Amino acid sequence: MASHLRYLARPQLACLQATSIGLRSSIPIFPLLRCFSTTSPALDWLTPKFMEKSKSPKGRPHVATGGSSRGTTVVWGDYGLRMKDHDRRLPASSLKIAEETIKRRLRGMNYTLYKRVSANIGVYTKGNEQRMGKGKGKFDYWTAKVAVSRVVFELKGDIHEKIAREAFRLAGHKLPGLWEFVHKGDPPVVGITKLGNGVTLESLKRARRNPPLGTNAMPNPPKTTSSSPDASQ
């Protein structure tokens, strides 16, 4: 009897009637399992929830030139991995490999890994030896536009600094470009210039070339006119 109950407990065979296998009608029939779930799926930072309505142009990552330092400091964690050389597009496959590298190095430890970017820009390619025109091509992969001095990963937990530095070093080898290890509380970066050590945002906004000598007190210096022999007569 127990073997027959285990046989009926399978979801693909639960719809069979008891009479079909020669059992008495007193044996309960287990209901079918639900083939769907009302729980929303977890959001993936490497794949957008919806496809793009229009194909994204190639473009370039936005570089803040007006004095903004957003995204250049560690916010939630204790350590971070920051872009060092210049802006670029990071494929979702490279970001996934870097994340797996960090998790493999920190296996068995108590930590939290934060991702500061998301791969939501589509890349469309065409085959070789194609004529010009007729659209951008078919979808190939997802990328993330990362500006210079942007923090990509943050790490928080009961981890020594040397271990976190080693994990980010291994992850930086899996990503294109140059990367640097930063701490929480490090000064922000404006463009490629780090604030601190006498460098402030106000000093960066001032004019780099000093005005001529003797014109600081006079807002509008007088214009010099050239003297000619005709004007003297």
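## Overall architecture

The protein has five helices and nine strands. The model is a predicted one. Along the sequence, the elements follow the order α-β-β-α-β-β-β-β-α-β-β-β-α-α. Among contacts between residues at least 6 apart in sequence, 74% join residues at least 24 apart.

Of the 233 residues, 29% count as buried. The accessible surface comes to about 17,100 Å², and carbon and sulfur atoms account for 53% of it.

## The nonpolar core

In soluble globular proteins, nonpolar side chains tend to be buried together. The largest nonpolar core here contains 28 residues, and L95, I102, F153 and F168 have the most contacts inside it. Six elements each supply at least two residues of this core: strand 1 (79-83), helix 2 (92-105), strand 5 (138-146), strand 6 (151-157), helix 3 (161-174) and strand 7 (179-183).

What is L95 in contact with, leaving aside its neighbours within four places in sequence? The residues are W45, L46, L90, V117, A144, V152, F153 and L175. One of these, F153, is also among the residues with the most contacts inside the core.

## Strands 1 and 7

Strand 1 and strand 7 pair in the antiparallel sense, over five bridges. Within this part of the model, R82 stands opposite E180 of strand 7.

Strand 7 is mostly covered, with four of its five residues buried. Strand 7 also supplies at least two residues of the largest nonpolar core, as does strand 1.

## E154, a buried glutamate

E154 lies in strand 6. Is this residue buried or exposed? E154 counts as buried because its relative accessibility is 0%, and the cut-off for burial is under 20%.

Two polar contacts of the E154 side chain can be described. One reaches the backbone nitrogen of V75 at 3.0 Å. The other is made with the side chain of R116, at 2.3 Å.

Not counting residues up to four places away in sequence, E154 touches T73, V74, V75, W76, G77, Y79, G80, T112, L113, Y114, R116 and F168. V75 and R116 thus appear in this list as well as in the polar contacts, V75 through its backbone nitrogen and R116 through its side chain. F168, another residue that E154 touches, is one of the core residues with the most contacts.

## Aromatic pairs

The count of aromatic pairs comes to six. One of them joins W76 and Y114 in a tilted arrangement, 5.9 Å centre to centre with 40° between the planes. This pair links distant parts of the chain: W76 sits in the loop between helix 1 (2-8) and strand 1, and Y114 in strand 3 (residues 111-115), 38 residues apart. W76 is partly exposed because its relative accessible area is 46%. Y114, at 26% relative accessibility, also counts as partly exposed.

F168 and F181 form another tilted pair, with 6.0 Å between centres and 45° between planes. Here the link runs between helix 3, which holds F168, and strand 7, which holds F181, 13 residues apart. F168 is buried, with a relative accessible area of 2%. F181 also counts as buried, at 17% relative accessibility, because the limit for burial is under 20%. Y79 joins F168 and F181 in one aromatic cluster.

Note on methods:
Residues numbered from 1 in each chain as written. Predicted model: local features only at pLDDT ≥ 70, side-chain atom pairs only at ≥ 80, totals over all residues. Heavy atoms only, no water. Core = buried A, V, L, I, M, F, W, Y, C linked by side-chain atoms within 4.5 Å. Buried < 20%, exposed > 50% of the residue type's maximum accessible area, 1.4 Å probe, protein only. Contact = heavy atoms within 4.5 Å. Areas by Shrake-Rupley, 256 points an atom, 1.4 Å probe, with all protein chains shown as cover. Pairing = 2+ DSSP bridges. Polar contact = N/O pair within 3.5 Å; in protein donor to acceptor, adjacent residues only side chain to side chain. Phe/Tyr/Trp six-rings, centres within 6.5 Å; stacked < 30°, edge-to-face > 60°.
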